[in-house]
Amino acid sequence: MSELTSLPQWGALSDHARGMAGFNLRQAFDTDPGRAGRFSVELDDLFLDYSKNLITDETLGLLLALARACDVEGFRARMFAGEPINNTERRAVLHTALRYQGDEPLKLTRPDGREEDVRAEVADVLLRMKAFAKEVRSGVRCGSTGLPFTDVVNIGIGGSDLGPAMAVRALTPYTHDRLRFHFVSNVDPTHIAETLRQLDLATTLFIVVSKTFGTQETLANARVVRDLYLTAQLPRNALAKHVVAVSSEPKPVQDFGIELENMFEFWDWVGGRYSLWSAVGLSLAIAIGFDNFVQFHRGAHAMDKHFQTAPAGENMPILLALLGVWYRNFLGAATHAVLPYDQYLARFPAYLQQADMESNGKRVDRNGVEVDYQTGPILWGEPGTNGQHAFYQLIHQGTQLIPADLIACIRTHNPVANLHDLLLANCLAQGEALMTGKTTDEARTEVTAAEIEKLEQRGMPPEEIERRPIHRTFPGNRPTNTLLIHKLTPGNLGALIALYEHKIHVQGAIWGLNSYDQWGVELGKKLAGEVYSDIRTPRVVTEHDSSTRGLIERIRKH
């Protein structure tokens with residue numbers, strides 16, 4: 001047994017899970033009128049109702065005891081103190097410093113043990129971003145022909161794409177009227193080709209985002225853009241006017257041909273999937289304006305303070321994390337659905353897929369020991385109400401337990417007829433339906449005499465008519481969290497993102513993982529370079545397995 005599964009708190013939860021086999025949410029609400037109020041927590045414009053979960057007060061107490069046994073609070077403190085909790089790379093994890101709003105020093109512990117305050121360098125980059133964003137938005141900074149920019153293209157992948165793309169879309173009501181924003185990530189030539197087809201090179205700004213400035217896909221797309229400017233019928237300084245970089249490595253940026261005055265820095269203590277708050281968010285700062293970018297930071301900082309100071313039983317990130325551990329490790333849930341009832345949040349599940357699955361999709365703990373328990377779940381989702389007409393069937397009546405987060409905004413930016421009230425009604429109804437279900441007896445009472453007569457006229461045998469209510473039966477007892485946001489603003493989006501960041505951190509602490517490395521992406525990247533060479537080189541391929549060799553030969557043949 002591992003250190004985690006040997007804990008008495010783990011054993012107590014295992015015993016408790018077996019005792020919860022007959023727990024019924026509908027009955028819990030019928031017998032406990034204070035359940036909803038007791039299992040909810042509020043922070044500014046965010047309200048979390050977690051009462052529709054398969055938990056009791058005892059469950060919550062046992063989960064909180066597990067968090068204490070795993071030193072969640074101590075691990076949290078070490079992160080905020082700038083200690084190198086990313087132990088495989090010997091790096092601090094200080095993305096929270098990028099949105100810090102206080103006056104106290106923000107100490108970073110270097111690998112050699114030196115401590116330094118990072119506030120000055122963060123502030124310097126933010127000031128440069130502010131000036132740059134203002135100049136692009138106002139038209140002071142123009143392209144090589146003197147025309148103001150009309151389009152901004154972010155070229156990146158992973159955290160260098162998913163974060164900015166999600167946030168720009170989420171905050172569409174705040175974006176600049178003149179500017180259009182595009183995000184190119186895939187090395188599939190279709191992605192860059194279809195994007196370029198919409199653009200005028202003379203009025204387009206490209207932002208190349210890569211932490212190391214060595215990311216294969218990003219640089220491949222960036223080279224296409226560089227070559228276009230080097231050969232276009234534009235002034236000789238076109239590349240310098242139209243392409244800027246975001247990176248932690250100046251030399252490869254300069255070698256690529258981008259002047260260092262056009263580079264915005266971020267640091268090795270900022271993980272890619274947590275980098276939206278840094279210069280990686282330059283496209284967002286241009287889109288919504290720097291004042292709104294500051295509000296975005298302030299919302300996240302408010303969640304940081306809540307995470308640091310709220311008691312564990314009233315702490316949103318800790319509660320969400322513990323519920324996830326409960327389902328993953330004790331009730332057998334393999335997946336978790338994030339279902340935003342807001343079209344602006346359409347890319348939020350995709351963003352969280354990377355944040356969660358790249359962080360906690362690990363099979364060894366921080367000490368390199370293989371675990372004997374489940375770690376990160378498969379995270380997925382789509383906006384409601386579209387999902388209701390697609391995969392909700394599986395959540396309602398399938399054989400798998402799928403916990404879900406329902407996210408909705410009380411107020412909309414687009415008050416068209418009664419549509420928003422209808423959207424909210426669907427969100428709340430789904431939570432209720434998943435919880436209550438419908439018994440066979442209840443389904444039987446819904447079958448009218450007229451319906452039976454119609455089925456008889458179609459020739460349906462009486463025994464099939466009798467079985468019909470079984471197909472309309474819903475087991476219920478399907479857990480959901482409901483997260484209500486007053487309105488989707490830069491500040492509220494910042495708080496929402498930070499909430500899930502900290503949830504991931506807490507789960508990683510409990511599972512004993514390093515949530516801040518991602519070695520699992522490296523092997524495929526290395527092999528891709530070898531296969532690329534084999535596809536391009538006219539020689540007999542002898543390396544690789546027989547399947548891969550055959551596929552390479554077929555591709556080369558055609």
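Ala-417 counts as exposed in this predicted model, because its relative accessibility is 75%, and exposed here means over 50%. The place of Ala-417 is the loop between β12 and α17, and its backbone has a feature worth pausing over, since phi is positive, at about 50°, although Ala-417 is not a glycine. Most residues other than glycine have a negative phi, and most peptide bonds are trans. With that background in mind, the reader can look for two further places in the backbone.

One of them is Arg-90, a residue other than glycine whose phi is positive and near 50°. Arg-90 sits in the loop between α5, residues 72–80, and β3, residues 107–109, and it counts as partly exposed because its relative accessibility is 46%. The other place is the peptide bond between Gly-384 and Thr-385, which is cis, with omega at about 15°. Thr-385 belongs to the loop between β11, residues 378–380, and α16, residues 392–397.

Returning to the loop between β12 (404–409) and α17 (419–436), one finds Val-416 there. Val-416 is partly exposed, with a relative accessible area of 48%, and together with Leu-419 and Leu-422 it makes a nonpolar surface patch of about 280 Å².

What does the chain look like as a whole? The protein chain contains 23 helices and 13 strands, and its C-alpha atoms fill a box of roughly 80 × 65 × 60 Å when the box is taken along the principal axes. For a compact globule of 558 residues one would expect a radius of gyration near 24 Å, and the 26 Å of the protein chain agrees with this. Of the 558 residues in the chain, 52% are buried. The protein chain also exposes about 25200 Å², and carbon and sulfur atoms supply 52% of that area. If one takes the contacts between residues at least 6 apart in sequence, 74% of them join residues that are at least 24 apart.

A single residue from the beginning of the chain can make this picture more concrete. Ser-2 lies in the segment before α1, which spans residues 8–19, and Ser-2 counts as buried because its relative accessibility is 16%, where buried means under 20%. Which residues does Ser-2 touch, once its neighbours within four places in sequence are left aside? Ser-2 is in contact with Asp-372 and Tyr-373, and the side chains of Ser-2 and Asp-372 are joined by a polar contact of 2.7 Å. Ser-283 offers another point of reference, for Ser-2 and Ser-283 are 281 residues apart in sequence and, from C-alpha to C-alpha, 45 Å apart in space.

Charged side chains form another layer of the description. Side chains of opposite charge can pair when their charged atoms come close. In this structure the count comes to 26 salt bridges, and a few of them can be followed one by one. Lys-107 forms a salt bridge with Glu-115, and the closest N and O atoms of this pair are 3.9 Å apart, which is within the 4 Å that the rule allows. Lys-107 counts as partly exposed, because its relative accessibility is 44%. In another pair, the side chains of Asp-117 and Arg-119 meet in a salt bridge of 2.8 Å, taken from N to O. Both partners of that pair are partly exposed, since Arg-119 has a relative accessibility of 31% and Asp-117 has one of 30%.

A further salt bridge links Arg-472 and Glu-451, with the closest N and O atoms 2.5 Å apart. Arg-472 is in the loop between α20 (462–471) and β13 (480–485), whereas Glu-451 is in helix α19 (residues 449–457), so this pair ties together parts that are 21 residues apart in sequence. Is each partner buried or partly exposed? Arg-472 counts as partly exposed, at 25% relative accessibility, while Glu-451 is buried, with a relative accessible area of 19%. Salt bridges can also share partners, as they do where Asp-32, Arg-38 and Asp-57 are joined into one network.

Notes:
Residues are numbered from 1 along each chain as its sequence is written. This is a predicted model: local features need pLDDT of at least 70, side-chain atom pairs count only at pLDDT 80 or more; totals for chains, interfaces and linings use all residues. Side-chain values use heavy atoms; hydrogens and water are left out. Patches are made of residues with over 30% relative accessible area and no salt bridge: like charges are joined within 9 Å, nonpolar side chains (Val, Leu, Ile, Met, Phe, Trp, Tyr) within 5 Å. Accessible areas come from the Shrake-Rupley method with a 1.4 Å probe; for residues, only the protein chains shown count as cover. Helices (H or I, at least four residues) and strands (E, at least two) are DSSP runs, numbered from the N terminus. Buried means under 20% relative accessible area, exposed over 50%, partly exposed in between (1.4 Å probe, protein chains only). Contact means heavy atoms within 4.5 Å. A polar contact is a pair of N or O atoms within 3.5 Å; within protein, one must be able to donate a hydrogen and the other to accept it, and residues adjacent in sequence count only if both atoms are side-chain atoms. The radius of gyration is taken over C-alpha atoms; the globule rule is 2.2 Å times the number of residues to the power 0.38.
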